Amino acid sequence: VQLQAFGGGLVQAGGSLRLSCAVSESILSIPVMGWYRQAPGKQREMVALIIRGGTSTYADSVKGRFTISRDNVKSAVYLQMSSLKPEDTAVYYCTVVHYGVTYWGKGTLVTVSS
């Protein structure tokens, strides 16, 4: 399974970005998809996860600002980010869990200026 994330960039605080992650095969059978991020000097942390049935979970730091979604037809997972803060600056990675194996994309950089 290959993942390609894109949509990162430079945005001012308070702005919005939408990250997309294209998956190389059908996601109908993939139970868990999500986004993690890693800020400079910090450990990678979970941002949002979505399971096959559509239930999602978020890190407390992004609740109410970020929305994760998946498109089974396009084999993609998205992260809509709003009200961005400088502390959201990080490399964002999409991930899927498929047959017990976790796959990671290369990441896309999001920089939020104050």
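This report covers the strands, the disulfide and the salt bridges of one predicted model.

## The four-stranded sheet

Four strands form an open sheet in the order 1-3-8-7, with antiparallel pairing. Strand 1 (3-6) and strand 7 (66-71) are the edge strands. Each has a single partner strand, so one side of each lacks a neighbour in the sheet. From one strand to the next, the twist averages 15°.

Inside this order, strand 3 pairs with strand 8. The pairing is antiparallel and runs over six bridges. One register point is R18, whose bridge partner in strand 8 is Q80. Strands of a sheet pair through backbone hydrogen bonds, either parallel or antiparallel.

## Two hairpins around strand 5

Strand 5 takes part in two hairpins, one with strand 4 and one with strand 6.

Strand 4 (residues 32-38) and strand 5 (residues 45-51) are antiparallel and share six bridges. M33 sits opposite I50 of strand 5. Six residues lie between the strands of this hairpin. Within the hairpin, G41 adopts a positive phi near 75°.

Strand 5 also runs antiparallel to strand 6 (residues 56-58), joined by three bridges. Here A48 has Y58 of strand 6 as its bridge partner. This hairpin has four residues between its strands. G54 in this hairpin has a positive phi near 105°.

In a regular strand the side chains alternate between the two faces of the sheet.

## The disulfide

How many disulfides does the model contain? The count comes to one. C21 and C94 form it, with their sulfur atoms 2.1 Å apart. The torsion about the S-S bond is about 55°, so the disulfide is right-handed. C21 belongs to strand 3 (residues 17-23) and C94 to strand 9, so the pair ties together parts that are 73 residues apart in sequence. Both cysteines, C21 and C94, are buried. A disulfide is a covalent bond between the sulfur atoms of two cysteines.

C94 is also one of the residues touched by Y103. Y103 lies in strand 10 (residues 101-104). Its relative accessibility is 24%, so Y103 counts as partly exposed. Beyond residues up to four places away in sequence, Y103 touches V1, L3, C94, T95, V96 and H98. S113 is another matter. Y103 and S113 are 10 residues apart in sequence, yet 30 Å apart in space, C-alpha to C-alpha.

## Salt bridges

The salt bridges number four. Among them are these three pairs, with N to O distances:

| Salt bridge | N to O distance |
|---|---|
| R37 and E45 | 2.7 Å |
| D88 and R37 | 2.9 Å |
| K63 and D60 | 3.1 Å |

R37 appears in the pair with E45 and in the pair with D88. Is R37 buried or exposed? R37 has 6% relative accessibility, so it counts as buried. E45 has a relative accessible area of 35%, and is partly exposed.

In the D88 and R37 pair, both residues are buried. The pair links distant parts of the chain. D88 is in the loop between strand 8 and strand 9, R37 is in strand 4, and 51 residues separate them. Through shared partners, salt bridges join R37, E45, R65 and D88 into one network.

D60, the partner of K63, is exposed, with a relative accessible area of 65%.

## D88 and its surroundings

D88 deserves a separate look. Where does D88 lie? D88 is found in the loop between strand 8 (76-81) and strand 9 (90-98). Its relative accessible area is 0%, so D88 is buried.

A polar atom of the D88 side chain lies 2.8 Å from the backbone nitrogen of K85. Which residues does D88 contact, apart from neighbours within four places in sequence? They are R37, R65, F66, S83, V110 and V112. In this list, R37 and R65 are also members of the salt-bridge network.

## In brief

The C21 and C94 disulfide joins strand 3 to strand 9. The D88 and R37 salt bridge joins the loop between strand 8 and strand 9 to strand 4. Both of these links have buried partners: C21 with C94, and D88 with R37.

Note on methods:
Residues are numbered from 1 along each chain as its sequence is written. This is a predicted model: local features need pLDDT of at least 70, side-chain atom pairs count only at pLDDT 80 or more; totals for chains, interfaces and linings use all residues. Side-chain values use heavy atoms; hydrogens and water are left out. Two strands pair if DSSP finds at least two bridges between them. Buried means under 20% relative accessible area, exposed over 50%, partly exposed in between (1.4 Å probe, protein chains only). A polar contact is a pair of N or O atoms within 3.5 Å; within protein, one must be able to donate a hydrogen and the other to accept it, and residues adjacent in sequence count only if both atoms are side-chain atoms. Contact means heavy atoms within 4.5 Å. A disulfide is a pair of cysteine sulfur atoms within 2.5 Å. Axes are lines fitted to C-alpha atoms, for helices over the stretch in contact, and angles run from 0 to 180 degrees between N-to-C directions. A salt bridge is a side-chain nitrogen of Lys or Arg within 4 Å of a carboxyl oxygen of Asp or Glu.
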